[in-house]
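The exercises below are meant to be worked with the model open on the screen. Each consists of a task and a solution that goes step by step.

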Amino acid sequence: MTATPVSSDSITDGATVTAPGSTGGRSADGTPRTGAEQLVDTLRRVGVEHIFGLPGGAVLPLYDALYEAEGIRHILVRHEQGAGHAAQGYAAATGKVGVCLATSGPGATNLVTPLADANMDSVPIVAITGNVASTAIGSDAFQEADIRSISMPVTKHSFFVTRPDEIAATIASAFHLAASGRPGPVLVDITKDALTAHATDELRQLPMPGYRPASVPAPQEVRDAVELMLTARRPVLYVGGGCIRAEAHEQVRALAELTGMPVVTTLMARGAFPDSHPQHMGMPGMHGTVSAVAALQKSDLIVSLGARFDDRVTGAKDSFAPGAKIVHADIDPAEIGKNFPTEVGLLGDARSTIQLLITEWTRRTAEGATYDYAAWNARCRGWKSRYPLGYDEPSDGALAPQYVIERLGVLAGPDAIFASGVGQHQMWASQFIGYEQPRRWLNSGGLGTMGYAVPAAMGAKVAMPGSTVWAIDGDGCFQMTNQELATCAVEGIPIKVAIINNAALGMVKQWQALFYSERFSASQLPSAQIPDFTTLAQAYGCVGLRCDTREDVDRTIEQAMAVDDQPVVVDFRVSKDSMVWPMVPAGTSNDAIQHARDLTPDFGEDE
Amino acid sequence: MTLLHDYPLPDRDVPTAPEAHRPPTSTLPRRSGTTTKGTPMRPDRNRHALSVLVENNPGVLARVSVLFARRNFNIDHLVVGPTEDNKVSRMTIVVNVNAEQLHKVTSQLDKLVEVIHIQELDDADAIRTQLWEINDNGPRPVGAMAAAAF
Ligand SMILES: Cc1ncc(C[n+]2csc(CCOP(=O)(O)OP(=O)(O)O)c2C)c(N)n1
Ligand SMILES: [Mg+2]
């Protein structure tokens, strides 16, 4: 702990006042403003253009203030979970704070999943909920739920506001919290009477003396990190989602090319470094490439940039990268050393941290410092060429899901945005689409939320109306949140959905096939019959297409691409039995990776 | 709740509570002046005491305890009280964890927006002894209650 004693009068405002304050309690013509009106004014001031929400009794005053509010478009969703994931997709595609809005009780509890999801994946969103009047709080009033407490473990912070005067400052602070430091979800729960009462509003921003996000690492740490990098023989840049959130992709590339180190990008960082780059070893982890897993496993130095050593990446902890020292750069001090002992911790924003590493590396090498990764790089390239990603055509002649996804990537091009659900299709979408740019790959990595894809794609399309947005969804996932297709059709949000329909909760089925003697307990779905996805799509006002054969894949995708005034849903009926490979079986060592069923790669002799 | 009188005898066999948790004489709440204490104090190098300054907001105690629960840390003792500044409260928290775990939990705690300052206090054992004295009152945990506690 670096803490030193403080007296209470030395406790000062720890928040950087970047978010604008409030309106002063009065409109331009001097009439007093209600809490709800102040809330809308504050949203406008912090730059909100879109809100995803669904009204109810407790937020009626706010909806009244939003009615015809200029500059803010409210998009009426069909389920609050959809509003939450839409806000996430909006934020993940742009870096702006996404906003969702729900009423008290069930409206608020329906937001819990997206809040938890955003918390795991560090997505900046603000959730605003109404609550019953402050006089009724604690009485088990109709639609009362203590969402502030419910959301505590799954948000960066949660506020409960009962006084109209505090609304503007709290909302401004919520946006500041969501976007600064390690981004995350912030909830603001406001009682109905605070929304209706007139505000005098003296607060401009909450003090938040305890909030001090890290900025840049100490110079000594940067020097130590570069020293380790220079002396390493087998280093690897382990790039995580923090590099996307911090807009550090250019710095990542510059550091990689300057040092010549191999790079791996995690599921959350796909696109932070171009897939086509020769130094790119792929995605590490349970379904990562052999080259990425081997590069980490055999390294002597892991330079972690905005990644968090998740168990899906490390496999069994005691045998993860046994020869590696760790340099860990993260904006969150609690991440450094959380899972593995760290040689050097670099506390700060990924972008500025990498920039400092670049400067120090350049200085050292200009002074004559040398390094030698040649043998190591040759070894990495060997793994990459010997064990490329691939798949077998299904023996029953059915359509290969990997082929569909591969073609989607090629035909939609590197500018398209892909949002995926959770399961086999997610892994294939990460593996078989080449990501060249950041913010083109949106998925639920940490929480693994089925149902993320359709609403997240909707949010991304609202934020980036000029981009093609594909949801790559499973037949299971799709059925969790497809109601938002109605929103898309009605509100003119022409997303495209590719359902990778394997008539199964495929990832579950794969585990049962591998580890439970093919006892397919509750993992098969009748998705070839029920529901009929094409007519379901049509019922929602979307174009519905179906494709069962390899010959039809390109034509169907092109047909879907040709529609741009309506959402399109394509039911790709694929093989029921395809599996995701490579795979590190859960709980085992990364060394046990299989690049295909029962095939373990040969990593070769250590130096 | 029936905590104000003796617990009824359990009607079936329950595991016997460790001796330490047996009341020395009766199960009635101890009156002041009693000297026997339930548990002897043993020094423990895995015992740490933290003094945490927090914003004096409603819900802040819940937030801190949710964090301990979520990160799977057990709180040994917890006291909350005011400071000279009515916007700031102080929590004294005793936890039984090793130094590495302590570092992890304090870095998580430090991230809470309402946590202003954390400091480790020197004599955790002495603090725990005092907290035990204050807290060691009321009915004794016997029978089913003690069993449930182990
Ligand atoms: C909300 C939720 N419930 C359950 C799971 C567990 N789970 C993970 S993948 C999966 C199967 C998903 O099926 P589908 O959408 O058809 O994708 P596939 O694996 O077949 O590509 C399930 C049930 C989850 N991740 N999220
Ligand atoms: Mg499926």
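In which segment of chain A is the place of A:Pro582? A:Pro582 is placed in the segment after β17 (568–573) of chain A, where strands (E, at least two residues) and helices (H or I, at least four) are DSSP runs, numbered from the N terminus. This is a predicted model, in which local features need pLDDT of at least 70 and side-chain atom pairs count only at pLDDT 80 or more, whereas totals for chains, interfaces and linings use all residues. Residues are numbered from 1 along each chain as its sequence is written, chains are lettered from A and ligands numbered from 1 in the order in which they are written, and side-chain values use heavy atoms, with hydrogens and water left out.

**Exercise 1. Backbone geometry**

Task: describe the peptide bonds that precede A:Pro582 and A:Pro531, and then examine phi at A:Glu518 and A:Ala522.

Solution. Begin from the background that most residues other than glycine have a negative phi, and most peptide bonds are trans. The bond from A:Trp581 to A:Pro582 is cis, with omega near -5 degrees, and a cis peptide bond also joins A:Ile530 and A:Pro531, with omega about -10 degrees. Next, place A:Pro531 in the loop between α21 and α22 (533–539) of chain A. A:Glu518 also lies in the loop between α21 and α22 and, although not a glycine, has a positive phi of about 55 degrees. A:Ala522, again in the loop between α21 and α22, has a positive phi of about 55 degrees without being a glycine. Finally, A:Ala522 counts as exposed because its relative accessibility is 71%; buried means under 20% relative accessible area, exposed over 50%, and partly exposed in between (1.4 Å probe, protein chains only).

**Exercise 2. The metal site**

Task: list the donors of the magnesium ion (ligand 2) and locate them along the chain.

Solution. Donors are N, O and S atoms within 2.8 Å of the metal (3.2 Å for Na, K and Ca), and since water is not among the atoms, sites may look incomplete. By this rule, A:Asp475 (OD), A:Asn502 (OD1) and A:Ala504 (O) coordinate the magnesium ion (ligand 2) at 2.0 to 2.2 Å. The spacing of these donors along the chain is D-x26-N-x1-A. A:Asp475 lies in helix α19 (residues 475–481) of chain A and A:Ala504 in the loop between β15 (496–501) and α21 (506–515) of chain A, so the pair ties together parts that are 29 residues apart in sequence. Both A:Asp475 and A:Ala504 are buried.

**Exercise 3. Aromatic contacts**

Task: classify the ring pair of A:Phe52 and A:Tyr90, then find where a charge sits over the ring of A:Tyr403 or A:Phe520.

Solution. Rings of Phe, Tyr and Trp (its six-membered ring) pair if their centres lie within 6.5 Å, and planes under 30 degrees apart count as stacked, over 60 as edge-to-face and the rest as tilted. The count comes to 14 aromatic pairs over all chains. For A:Phe52 and A:Tyr90 the ring centres are 6.1 Å apart and the planes at 75 degrees, so the pair is edge-to-face. A:Phe52 belongs to strand β1 (residues 50–54) and A:Tyr90 to helix α3, both of chain A, so the pair ties together parts that are 38 residues apart in sequence. A:Phe52 and A:Tyr90 are both buried. One aromatic cluster is formed by A:Tyr238, A:Phe309, A:Phe320 and A:Phe340.

For the charges, the criterion is that NZ of Lys or CZ of Arg is within 6 Å of the ring centre and within 35 degrees of the ring normal. A:Arg550 has its charged end over the ring of A:Tyr403, 3.9 Å from the centre, while A:Lys509 lies over the face of A:Phe520, at 5.3 Å from the ring centre.

**Exercise 4. A buried phenylalanine**

Task: is A:Phe175 buried or exposed, and how many residues separate A:Phe175 from A:Val112 in sequence?

Solution. A:Phe175 is part of helix α7 (residues 167–179) of chain A. A:Phe175 counts as buried because its relative accessibility is 7%. Along the sequence A:Phe175 and A:Val112 are 63 residues apart, and in space 18 Å, C-alpha to C-alpha.
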